[in-house]
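Visitor: I'd like to go through this one by asking what stands behind each label. Can we start once the model is up?

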Amino acid sequence: MPEPEPGTLAAAELALADDALVLSQRLGQWAGHAPVLEEEVALANIALDLLGQARTLYSGLGDEDALAFLREERAFRNCQLVEQPNGDFAATIVRQLFFSTYQELLYGQLTTHPLATKAVREVAYHRDHAEHWTLRLGDGTTESHDRTQRAVDGLWRHTGELFQPLPELDVDWSALRADWDTRVADVLTRATLRVPEGAQGHGWKAGGGRQGLHTESFGRLLAEMQHLHRSHPGATW
Amino acid sequence: MTTVLPGTPSDTPAGAGPGTGADAGPDAAPRAPMDAEAAARAYGPAFDAAVAADERIEPRDWMPDAYRATLVRQIAQHAHSEIIGMQPEANWITRAPSLRRKAILMAKVQDEAGHGLYLYSAAETLGASRDDLLDKLHSGRQRYSSIFNYPTLTWADVGAIGWLVDGAAITNQVPLCRCSYGPYARAMVRVCKEESFHQRQGYELLLELSRGTEAQHAMAQDAVDRWWWPSLMMFGPPDDESAHSAQSMEWKIKRHSNDELRQRFVDICVPQAEALGLTLPDPDLKWNEEQGRWDFGAIDWDEFKAVLKGDGPCNEQRLTQRRTAHEEGAWVREAAAAHAARKQARTATEREGAMAR
C-alpha cells in the first residue's frame, strides 16, 4: 500500500479518514448493546456518518478498501482518542464529546475542503448528542456523575494529541485548541463535572497516533475488522 | 375512517385506564362509564360493520377486549423480533469485508431499531407500555420470531438473512399494510418499504458471493442451506395447528393463512435461487404443473417447537444479551430521569419567580 508523503495534504486527509473509520468501528460495537432503543438508533447513526466521512476521504486518496483493510497498525494515522475502548456508556459519551467538538471546530475551519460542508452538519449533530448526554449523566445521579467524571479524567490525556497540527490543512491550530478548551469546559461545568487541569492533564501524556504509534487495544480492533477481507485476497464483496 | 368512536367525553383511549390494556382479555374488569357488556352491545355492531367494510379501527374507537389483546400480543412480538433481530446481523458489523457492505449493514441494523420503535408506539396506542412489553420479553413471557435463534456463522449469513428472512417477513407483512387496526397498518407501510430495500441488498450480497471465488460461492451456498428451512418456519405452524388464525382472519388482522403465505414465499424464492446460481436444500422441491406452484418437502416441526420453547441454538444467548444491555443500561436511564426531573423543577422555580415579579 503506497503511503502518502508525510506533511502532504494527502497525509492529513488520511489521518482524518482514519479518525472517522476507527471511531465508527468502535461505535459499531454498541449495536444491540445500547441502554435504550433510541440510543441504538443514535449511535448507529453517528457511526454511519463517520463511516461515510471516512469513505469520502479514502476514495479521494485511492482504493477505500485497500486503505481500510490492508494497512497494518503502524500505518494508521488516527489519534489515540478514537481507538479507546468503548467502556461504559459514560466513557463512550465523553469520548464522543471530546472528539465531536474537535471535529466540528476543525471542519468548521476547513470551509473550502470538499468534505467539510456536508460533514460539518453531521458533526454538529454528533456534538449536540454528546453534549446532551454529558449533561444528563453529569447532572443525573451520583452514580452517573461519578462514572462520567472517571471517563473525563481517564480520556483527558488523549486530548492533547488532537491539536498537533496536520500540515497542509488550512487550520489555525491554536485557535482550534482555545475554542475546544472553552467549549468543552463549558459543557463539563454545566454538567457539574470537574475540568481536569491543563489540556493534557496529569500523568503520562499520550500521543503518537498521528505517527502510527497506537495503544494496545488497537491491534485487536484491526484484527477483527480486517480478518475476513484479508482471508480472501483479491475477492470482491 | 373512524366509525366506532364511543360518545364519551374522555380523551383517554378506550381501555387505556388502569386494570385494562396489554393483557386485558375478555375477562377484563368493567370500565367506566359503561361496563364491558353494555359497551359491547352498544358498539359491537358498529365495530363489526367497520371491519366488514374494510375501514380502519383507530386507537380511540371501541374494540373488543380480545381484539385489543391479540393486537398487543402480535405487535409486541413483532417489535421484539426487530430488537432481537438486530443481534445476528450486528454480529458482523465490525467484520464486514468492505466499507460499502459495512455501511449497508449498519444502516440496516439502525432501521431495525427504528422499526422496533414504531412498533412499540403502535402497541402503546392500545394502552400497553413499552417498559411493560420489554419486561415481558426479558422474562420470556412474550416471544420473538424463532428465526433469530439461529447463529450467523459466516458473512454470507448476512446475505441469506436479507434475502430469505427479510423476504419471508415481507411476504408476511405486506398484507398487514391492510390490517384492520390503523396504527399497525401504517407502521407496516413504513416497515415494508425499508424491508424490501434490505431484501434486495441481501440478494445482491449473495449474488456477488455466488459469482465470486469458489470459496465465496461455497460460503453463499452453505448459508442458504442453513437458513432455508428456518425461513419457511417463520410463517408459523401449519393452518390446522394455528391457534389464533381463524379469529385474526375474521378481524382482518390477518389476511392470509400461514400455509398460503408460505407457499407464496416458496414460489417467489425458487426462481430467485436459480437466478442466484444457488440451490435450495430440499430434494422434494418440484414444480406442480396442475396447481401452478412449487411443491416442497416436509418441515421439521419438532425443531420449530423446540426453538419456540427456548431450545434453539441461540435462544439463551439472545435473551441474555438483551437482558444484559437492559440491566447494564439501568443507571443511564435513571440518570436521564433524574436529570429531566431536576430540569423540570428548575424550570418551575424560574416560572414561579417570574410570576412573583
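Guide: Sure, and here is a pair to begin with: A:Arg190 and A:Asp186 sit 4 residues apart in helix H8 of chain A, so about one helical turn separates them. Bear in mind that this is a predicted model, where local features need pLDDT of at least 70, side-chain atom pairs count only at pLDDT 80 or more, and totals for chains, interfaces and linings use all residues. Residues are numbered from 1 along each chain as its sequence is written, chains are lettered from A and ligands numbered from 1 in the order in which they are written, and side-chain values use heavy atoms, with hydrogens and water left out.

Visitor: Why is the contact of A:Arg190 with A:Asp186 called a salt bridge?

Guide: The term asks for a side-chain nitrogen of Lys or Arg within 4 Å of a carboxyl oxygen of Asp or Glu. Here the closest N and O atoms are 3.2 Å apart, so the pair qualifies.

Visitor: What makes A:Asp186 buried, exposed or partly exposed?

Guide: Buried means under 20% relative accessible area, exposed over 50%, and partly exposed in between (1.4 Å probe, protein chains only). A:Asp186 comes out at 39%, so it counts as partly exposed. A:Arg190, at 40%, is partly exposed too.

Visitor: Which parts of chain A does the pair A:Glu131 and A:Arg190 tie together?

Guide: A:Glu131 lies in helix H6 and A:Arg190 in helix H8 of chain A, so the pair links parts 59 residues apart in sequence. Their N to O distance is 2.9 Å, which makes this a salt bridge as well. A:Glu131 has 15% relative accessibility, so that one is buried.

Visitor: What joins these residues into one network?

Guide: Shared salt-bridge partners do: A:Glu104, A:Arg127, A:Asp128, A:Glu131, A:Arg183, A:Asp186 and A:Arg190 are all linked that way. Over all chains the structure holds 31 salt bridges.

Visitor: How do you know that a salt bridge joins the two chains?

Guide: A:Asp139 lies in the loop between H6 and H7 of chain A and B:Arg346 in helix H12 of chain B, so their pair crosses from one chain to the other. The closest N and O atoms are 3.5 Å apart. A:Asp139 is buried at 8%, whereas B:Arg346 is partly exposed at 40%. The count between chain B and chain A is 3 salt bridges.

Visitor: How many residues take part in the contact of the two chains?

Guide: With contact meaning heavy atoms within 4.5 Å, there are 46 residues from chain B and 48 residues from chain A.

Visitor: Why is the pair A:Phe89 and A:Trp133 called stacked, tilted or edge-to-face?

Guide: Rings of Phe, Tyr and Trp (its six-membered ring) pair if their centres lie within 6.5 Å; planes under 30 degrees apart count as stacked, over 60 as edge-to-face and the rest as tilted. For A:Phe89 and A:Trp133 the centres are 5.1 Å apart and the planes stand at 85°, so the pair is edge-to-face. Both residues are buried.

Visitor: What makes A:Phe163 and A:Trp180 an edge-to-face pair?

Guide: The values are 5.4 Å centre to centre and 65° between the planes, so both cut-offs are met. A:Phe163 lies in the loop between helix H7 (142-155) and helix H8 (173-190) of chain A and A:Trp180 in helix H8, so parts 17 residues apart in sequence are tied together. These two belong to one aromatic cluster with A:Phe98, A:Phe99, A:Tyr102 and A:Trp156.
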